[in-house]
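Look at the sequence and the 3D structure below. Then read on for a short tour.

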Amino acid sequence: MPNNTIIFGDSYSTFQDYIPEGYAVYYTPAGRAETDVTQVEETWWHQVTTQAGLHLVQNNSWSGSTIGYTGYGNSDCSHSSSFIFRLRQLKEQGFFQENEINTVFVFGGTNDSWSDAPLGSSMPENQSEADLFSVLPAISHFLTDLKETLPAASIYCLINTELKPEIGEEMKAACKRLGIQAIPFTRIAKACGHPTVRGMEDIANQVLAVIR
């Protein structure tokens with residue numbers, strides 16, 4: 001029986017032709033001046049799914065995306081790239097009725113940290129739509145919605161290094177409250193803030209150490 005898997009991610013988890021059409025991509029076969037990743041096999045998620053025998057149903061990753069509704073330059077991502085909207089969109093499209101999902105990887109928060117979106121206050125429940133423009137309520141809302149949508153799935157929340165402390169702590173607290181497995185990374189080799197080939201291996205090895 002296949003272990004059906006979905007990823008919710010940002011640039012760290014993209015690769016050209018492996019994410020939904022219209023989503024912004026960071027990693028491509030042509031490479032970038034900043035990093036040396038040029039093959040899909042070098043990505044953290046390809047290594048993890050291959051080595052753990054997971055069947056990747058969808059890689060729902062969008063470069064530059066935030067979990068919450070506030071993007072770069074105070075832009076409104078409430079109906080475009082935000083993790084919250086993308087999850088809602090899949091639900092509305094019947095994706096989870098058509099696909100039994102056993103494993104979920106969430107790898108976000110980096111752009112919420114970099115974009116200087118308002119942090120707001122920790123709010124475990126009862127968030128309004130207005131609250132979701134702030135990072136901390138948005139994290140809790142997204143993870144709660146994900147857990148309620150897929151109560152039987154194994155959900156792993158990957159926590160980047162060098163995040164604003166409040167963001168990492170909110171992720172850990174929400175995971176503990178919801179019974180989600182947090183994977184806070186201790187090292188990721190990066191160039192211009194993005195994983196290199198070595199960094200992708202760092203991520204994959206730390207994830208595999210937990211899910212095995």
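This report goes through the sheet, one of its strands, the cores and the cysteines.

## The sheet

The model is predicted. Five strands form an open sheet. Their order is β2-β1-β3-β4-β5, and the pairing is parallel. Strands of a sheet pair through backbone hydrogen bonds, either parallel or antiparallel.

Two strands stand at the edges: β2 and β5 (181-184). Each has a single partner strand, so one side of each is left without a neighbour in the sheet. From one strand to the next, the twist averages 20°.

## Strand β1 and its partners

Strand β1 covers residues 3-9 and strand β2 covers residues 54-61. They pair in the parallel sense over seven bridges. Between them, the chain goes from β1 through helix α1 (residues 44-52) to β2. This β-α-β crossover is right-handed.

Some pairs are easy to find in the viewer. T5 has L56 in β2 as its bridge partner. F8 is matched with N60 in β2. G9 stands opposite S61 in β2. β1 also pairs with β3, again in the parallel sense, over five bridges. On that side, the bridge partner of F8 is V106 in β3.

How many of the seven residues of β1 are buried? Six are, so the strand is largely enclosed by the rest of the structure.

## A closer look at I6

I6 sits in strand β1. Is I6 buried or exposed? I6 is buried, because its relative accessible area is 0%, and the cut-off for buried is under 20%.

I6 touches residues from further along the chain, including L56, Q58, L90 and F95. Its contacts also include I101, T103, V104 and F105. Another residue to find is H55, 49 residues from I6 along the chain. The C-alpha atoms of I6 and H55 are separated by 8.7 Å.

## Helices on the sheet

Helix α1 packs on the sheet. It touches β1, β2, β3 and β4. The direction of α1 makes about 160° with that of β2.

Helix α6 lies across β4 and β5. It runs at about 165° to β4.

## Two nonpolar cores

In soluble globular proteins, nonpolar side chains tend to be buried together. The largest nonpolar core here has 35 residues. Those with the most contacts inside it are F8, F96, V104, F142, L143, L146 and M171.

Several elements give two or more residues to this core. Among them are β1, α2 (83-92), β3 (103-107), β4 (154-159) and α6 (165-178). Which element gives the largest share? That is α5, with seven residues. L146 touches F8, L87, V104, V106 and I155.

A second, separate core has 23 residues. I7, F15, L158 and I203 are included in it.

## Cysteines

A disulfide is a covalent bond between the sulfur atoms of two cysteines. How many disulfides are there in this model? The count is zero.

C175 shows how the count works. Its nearest cysteine sulfur, that of C157, is 4.0 Å away. The cut-off is within 2.5 Å, so C175 is in no disulfide.

C175 is buried, because its relative accessible area is 1%. C192, by contrast, is exposed, with a relative accessible area of 60%.

Key: Residues are numbered from 1 along each chain as its sequence is written. This is a predicted model: local features need pLDDT of at least 70, side-chain atom pairs count only at pLDDT 80 or more; totals for chains, interfaces and linings use all residues. Side-chain values use heavy atoms; hydrogens and water are left out. Two strands pair if DSSP finds at least two bridges between them. Helices (H or I, at least four residues) and strands (E, at least two) are DSSP runs, numbered from the N terminus. A crossover is right-handed if, with the strands pointing away from the viewer, the path from the first strand over the helix to the second runs clockwise. Buried means under 20% relative accessible area, exposed over 50%, partly exposed in between (1.4 Å probe, protein chains only). Contact means heavy atoms within 4.5 Å. A nonpolar core is a set of buried Ala, Val, Leu, Ile, Met, Phe, Trp, Tyr and Cys residues joined through side-chain atoms within 4.5 Å. Axes are lines fitted to C-alpha atoms, for helices over the stretch in contact, and angles run from 0 to 180 degrees between N-to-C directions. Lists of a residue's contacts leave out its neighbours within four places in sequence.
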